[in-house]
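Student: I am new to this structure and would like a close look at a single part of it. Could you take me slowly through one sheet, strand by strand, and then turn to what lies around the ligand?

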Amino acid sequence: MSPSSVVLYIVSLLWLNLTDAKTGYFWHITDLHYDPYHNSPEFHRGCRHNRANNEHSHHNNRHRDHTCDSSWTLIQSAAALMAERHPDTLEFVLWTGDILSSSMEHASDRVKLEAVRNVTDILSRTFSSQFVFPALGHNDPPPSRKLVDMWMQWLPTEALQTFETGGYYTIEQSHSKLRIVVLNSVLWSGGATTSDNPHPHRGRTQWEWLEHILIKARRKKEMVYLVAHAGPGVEERHNAGSSTAAGGGELTPAANARLLHVIRAFSDVIAGQFYGHRHADTFRLIYSEGRPVSWALLAPSVTPRGAGSVSNPGLRLYKFESNTGKVLDYTQYYLDVTNTRGELHWSIEYNLTQYYGLREVSATSLNALAERIRNHHDRSSFAKYLSALRVKHSTDISDCDSACVHVHYCAITRADYSDFRSCVRNPASALASRAPHNSAAIFLYAILILIS
Ligand SMILES: *[C@@H]1O[C@H](CO)[C@@H](O)[C@H](O)[C@H]1NC(C)=O
Ligand SMILES: *[C@@H]1O[C@H](CO)[C@@H](O)[C@H](O)[C@H]1NC(C)=O
Ligand SMILES: [Zn+2]
């Protein structure tokens, strides 16, 4: 150990004692995509339609099928796993939307709400003494009095007011300095065919509200979790190099740019960002003047049905310092859909810090991981990343050449849509644009060591 690291070590020991860090846990569950028609041959819309055209259709056990959304049985098994792995210090649950299968798109509002109620009921039975904080996705019913009635068990009056009009809200933790900000990304999303925002007015109101909340949080020295269905950045797998991900639920280019601007401006206040939507286990980094200043972790879906790709169902349990919000680690659970013989067996896929060899969960350490992921000479970090991205559905990386690795790297490190495009087009410039900052950091570090 060098003298400077000894000093750091002692300082951090003292710091730990002074702050009396309390360890807590929270679940992040997302994209359940419950399909009530899963087992009913007559109404088996999305699922049967897809299965008819798919080689996987010979599977008898429908929950095994990667072309089908979640059956009730699958949702029950997820709830059972979460009940079984219930830590004593479970503080809350983040539930980031897409509750319903897209095969319910044409179902009546009554049936949709009944399905949402059934999922709500099983979650409230599973978490009888915790609060679940829901965020709305593009497949969910819009905010309404009926949703308010369903979720008033979890949300305080103040939160219900903004939820009912805009689908967004904030939760102030009474015993800590952590504030949860749940956004309605649907208000900032384009439709499936246009990048125009169909909710201009409510979208604007949400921006003003968010900035107001963040300014207040900074003044009160709170740390904030940003939580939403869709976060900033691009979909790496099937929009490589295209303008933006045009699919339903993506942020419009203007909304993406503005959200990145807000995140940069308040990166001192934002302790973490938690999103779903992509049906993939991945992360995004946000930079300010070349320096990584904020991270977003994207949890994989509960449904095995991917958007153009396949993965296994996943559930994620975070470990954090409950008084500060500092994320320490997470345990990723998964269910091996194709290899399960009959019963649904969830197991641990990996633990974040151990799996990638991270000293901590921070923008700096995740940035170092991103650099390892793109390393041409040692593909081991990329192999881990790709296996996690697909929730261990496949560990074969031979279908991803160095250009493909580069697209993944660009998606992680270029949340800005046009930066992503130029990164994909020009691997060399991506290297060059980052180099000066790296050498500046090494220079600073050398000075620090000299001083100490
Ligand atoms: C909701 O649950 C009830 C009771 O188990 C069941 O009868 C009903 O079919 C379910 N509806 C939907 C849409 O899931
Ligand atoms: C991951 O962390 C959990 C909870 O701390 C622990 O029980 C488990 O043994 C760890 N698993 C692995 C594979 O490291
Ligand atoms: Zn989804």
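Tutor: In this predicted model, a good place to start is Ile 29, which stands opposite Trp 95, a residue of strand β2. That pair belongs to the contact between β1 and β2, the latter covering residues 90-95, and these two strands pair in the parallel sense over five bridges. With strand β10, made up of residues 314-321, β1 runs antiparallel, and six bridges join the two; here Thr 23 is found opposite Glu 321 of β10. Strand β1 itself spans residues 23-29, and because five of its seven residues are buried, it is largely enclosed by the rest of the structure.

As general background, the strands of a sheet pair through backbone hydrogen bonds, and they may do so in either the parallel or the antiparallel sense. In the sheet we are looking at, six strands follow one another in the order β3-β2-β1-β10-β11-β12, the sheet is open, and its pairing is mixed. At the edges stand β3 (131-134) and β12 (346-351), and since each has a single partner strand, one side of each is left without a neighbour in the sheet. If direction is ignored, neighbouring strands of this sheet are turned by 25° against each other on average.

Moving along to the β12 edge, we find that its pairing with strand β11, which covers residues 327-335, is antiparallel and extends over five bridges. Within this pairing, Tyr 334 has Ser 347 of β12 as its bridge partner.

Let us now leave the sheet and turn to the ligand. Ligand 1 is surrounded by Tyr 34, Pro 36, Glu 114, Ala 115 and Asn 118, a shell that divides into three nonpolar residues, one polar and one charged. Two of the contacts involve oxygen atoms of the ligand: a polar side-chain atom of Tyr 34 lies 2.7 Å from an oxygen atom of ligand 1, while a polar side-chain atom of Asn 118 is found 2.4 Å from an oxygen atom of ligand 1. The side chain of Glu 114, by contrast, places an N or O atom 2.6 Å from a nitrogen atom of ligand 1. Taken alone, ligand 1 would expose 360 Å², and the protein buries 46% of that area.

Notes: Residues are numbered from 1 along each chain as its sequence is written. Chains are lettered from A and ligands numbered from 1 in the order in which they are written. This is a predicted model: local features need pLDDT of at least 70, side-chain atom pairs count only at pLDDT 80 or more; totals for chains, interfaces and linings use all residues. Side-chain values use heavy atoms; hydrogens and water are left out. A residue is near a molecule or strand if one of its heavy atoms lies within 4 Å of it. A polar contact is a pair of N or O atoms within 3.5 Å; within protein, one must be able to donate a hydrogen and the other to accept it, and residues adjacent in sequence count only if both atoms are side-chain atoms. Accessible areas come from the Shrake-Rupley method with a 1.4 Å probe; for residues, only the protein chains shown count as cover. Ala, Val, Leu, Ile, Met, Phe, Trp, Tyr, Cys and Pro count as nonpolar, Asp, Glu, Lys and Arg as charged, and the others, Gly among them, as polar. Two strands pair if DSSP finds at least two bridges between them. Helices (H or I, at least four residues) and strands (E, at least two) are DSSP runs, numbered from the N terminus. Axes are lines fitted to C-alpha atoms, for helices over the stretch in contact, and angles run from 0 to 180 degrees between N-to-C directions. Buried means under 20% relative accessible area, exposed over 50%, partly exposed in between (1.4 Å probe, protein chains only).
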